[in-house]
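Colleague: I would like to go through this model feature by feature. Please give the general idea each time, then the case at hand.

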Amino acid sequence: MEPKIIESNEISLREIIEVLLGGIKVIIVFAVVGVLIAGTISFFILPDVYKGRVVLEVNDRNNPEEQQFLVDKYIAQIKSTQLLKKTIEDLNLVNKRNELLSSNSLKDMILVTNIEDTNLVSVVVSYSDAEIASNIANTLCNNFITHITESYQAQANILVSVMEEQLKIEEQDVIEQLQNKEEFLKNNKSIDQLNEEVNSLISQIIKYKEQYNTAETNAAADYLSLTVLLQSVDLDNLEQENQLAPFLEVDENLNYDFQIPIGELSGTEIYDNMTVLEIVNIQTRYITNSNLITVYEDRISSLEAELIQLQIERVNAEHECNSIETNLALANGAYNDSQRMYKEALIASVSDEGNKTVNIYSESYLNEKRVSPNTVQNLAMGLLLGLMMGVVLVLLRDYWRKTGKDE
């Protein structure tokens, strides 16, 4: 019994084709009805949709490496409520109730995307009227560029105000530094004057050292001459022999002191008158040179001490002067930088920086080719659905008949 039951439940491909051919009229009717329904929906129910497309070019000349960040930022700003409301007002966009279109409704009609691997931004507007769709795209993008320009100008105006205050501060700082410099020069010797005084002291010290060396050399020569002359005197017949020796004292530092008792050396038998006079002259010259050596030593020591103090004063003056000049240079530099930034801010406040940062690469032109509904696609889908429903109905009808006979 089982094989018969299995065979009775099996339907061959031939039987299916025969069933479908038997119900071909039903299938055709359903296909036609599907096409008619799809056509009715496409032509009479679904609204026509047209697209307007604008391509924007974004350029960040100041920071090219951050251009993608600027692109993403602008994509978000294009659909801002402020710009949408401005576009609605400019074009007087209304809904079916003749009321101004809401910003959210317009936002749903707009698609903003970044064209891959480029600095281009695509703005696509979908609307039931081709001309209005194109106008919305163009107006929205123009409003966006104007918004960017005004934003840059507003920021520049704020910067102008800030830089005006900063300029006043920097100018006052420059004035104060100039006053500090003037006061320093007024109450202190100039560096050139200190250098002249130092050089003058050095020249004096060199001069005194030369005179000191000359006096020292002359004293040594006088000492040698006195020694030779005294050795040439015949002391064997000089009763005052023992009285001469104490008067010749030799100092290792050339501080010599000769005191020869000329009055006790009278007599032609002891000295020749000319020799005695020569000894006296040399002794006088030697004493003079010895005194000069002492004077020069004191003067050189005094000048060197004065030179040290003057050099310390010069170093301190140079340090303070350099500090004042450095502060003045910094103040002038800051003032010049502030002036440059102020001028740049003034230029930016009246420039169309928005057009430099973002501009229209391609405008939207009137395109009356409808993008939705897609009539051909909808009719094909209606036909396919009608055929499927017709086939299913025919098969179910045949099954119903066969099961009814079996019972």
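Colleague: How much accessible area does the protein expose, and what do carbon and sulfur atoms supply?

Modeller: Accessible areas are computed with the Shrake-Rupley method and a 1.4 Å probe, and for residues only the protein chains shown count as cover. Here the protein exposes about 26,700 Å², of which 54% comes from carbon and sulfur atoms. The model is predicted: local features need pLDDT of at least 70 and side-chain atom pairs pLDDT 80 or more, while totals for chains, interfaces and linings use all residues. Residues are numbered from 1 along each chain as its sequence is written, and side-chain values use heavy atoms, leaving out hydrogens and water.

Colleague: What share of the residues is buried?

Modeller: A residue is buried under 20% relative accessible area, exposed over 50%, and partly exposed in between, with a 1.4 Å probe and protein chains only. Of the 407 residues in the protein, 29% are buried.

Colleague: How many helices and strands are there?

Modeller: Both are DSSP runs numbered from the N terminus: helices are H or I with at least four residues, strands are E with at least two. The protein has 12 helices and 6 strands.

Colleague: What share of contacts joins residues at least 24 apart?

Modeller: Contact means heavy atoms within 4.5 Å. Taking contacts between residues at least 6 apart in sequence, 81% join residues at least 24 apart. A separate example of sequence distance against spatial distance is T40 and T375: they are 335 residues apart in sequence, with C-alpha atoms 9.9 Å apart. T40 belongs to helix α3 and is partly exposed, at 37% relative accessible area.

Colleague: Which residues form a nonpolar patch on the surface?

Modeller: Patch residues have over 30% relative accessible area and no salt bridge (a side-chain nitrogen of Lys or Arg within 4 Å of a carboxyl oxygen of Asp or Glu). Like charges are joined within 9 Å, and nonpolar side chains (Val, Leu, Ile, Met, Phe, Trp, Tyr) within 5 Å. In this model V29, V33, I37, I41, F43, F44, I45 and L46 form such a nonpolar patch, with about 780 Å² of accessible area together. One of them, L46, sits in the loop between α3 (24–45) and β1 (50–58). L46 has a relative accessible area of 37%, so this residue is classed as partly exposed.

Colleague: How should I read a polar contact, and what does the side chain of T87 reach?

Modeller: A polar contact is a pair of N or O atoms within 3.5 Å; within protein, one must be able to donate a hydrogen and the other to accept it, and residues adjacent in sequence count only if both atoms are side-chain atoms. T87, in helix α5 (residues 81–91), reaches the backbone oxygen of L83 with its side chain at 2.9 Å. T87 is buried because its relative accessibility is 0%. Apart from neighbours within four places in sequence, T87 contacts L106, I136, T139, L140 and N143.

Colleague: Which backbone oxygen lies 3.1 Å from a polar atom of the side chain of S134?

Modeller: That of S364. S134 is part of helix α7 (residues 130–187) and is buried, at 5% relative accessible area. With neighbours within four places in sequence set aside, the contacts of S134 are G52, S364, Y365 and L366.

Colleague: How many aromatic pairs does a search of the whole structure find?

Modeller: A pair of aromatic rings is described by the distance of the centres and the angle of the planes. Rings of Phe, Tyr and Trp (its six-membered ring) pair with centres within 6.5 Å; planes under 30 degrees apart are stacked, over 60 edge-to-face, and the rest tilted. The search finds 2 pairs. Y74 and F144 are edge-to-face, at 5.3 Å between centres and 80° between planes. This pair links distant parts of the chain, with Y74 in helix α4 (residues 67–78) and F144 in helix α7, 70 residues apart. Y74 is buried at 2% relative accessible area, and F144 is buried at 0%. The rings of Y208 and Y296 have centres 6.0 Å apart and planes at 45°, so this pair is tilted.

Colleague: Which residues have a positive phi without being glycine?

Modeller: Among them are N98, with phi of about 60°, and D117, with phi near 60°. N98 is in the loop between α5 and α6 (103–108) and is exposed at 62% relative accessible area. D117 is in the loop between β2 (110–114) and β3 (120–127), and is exposed at 75%.
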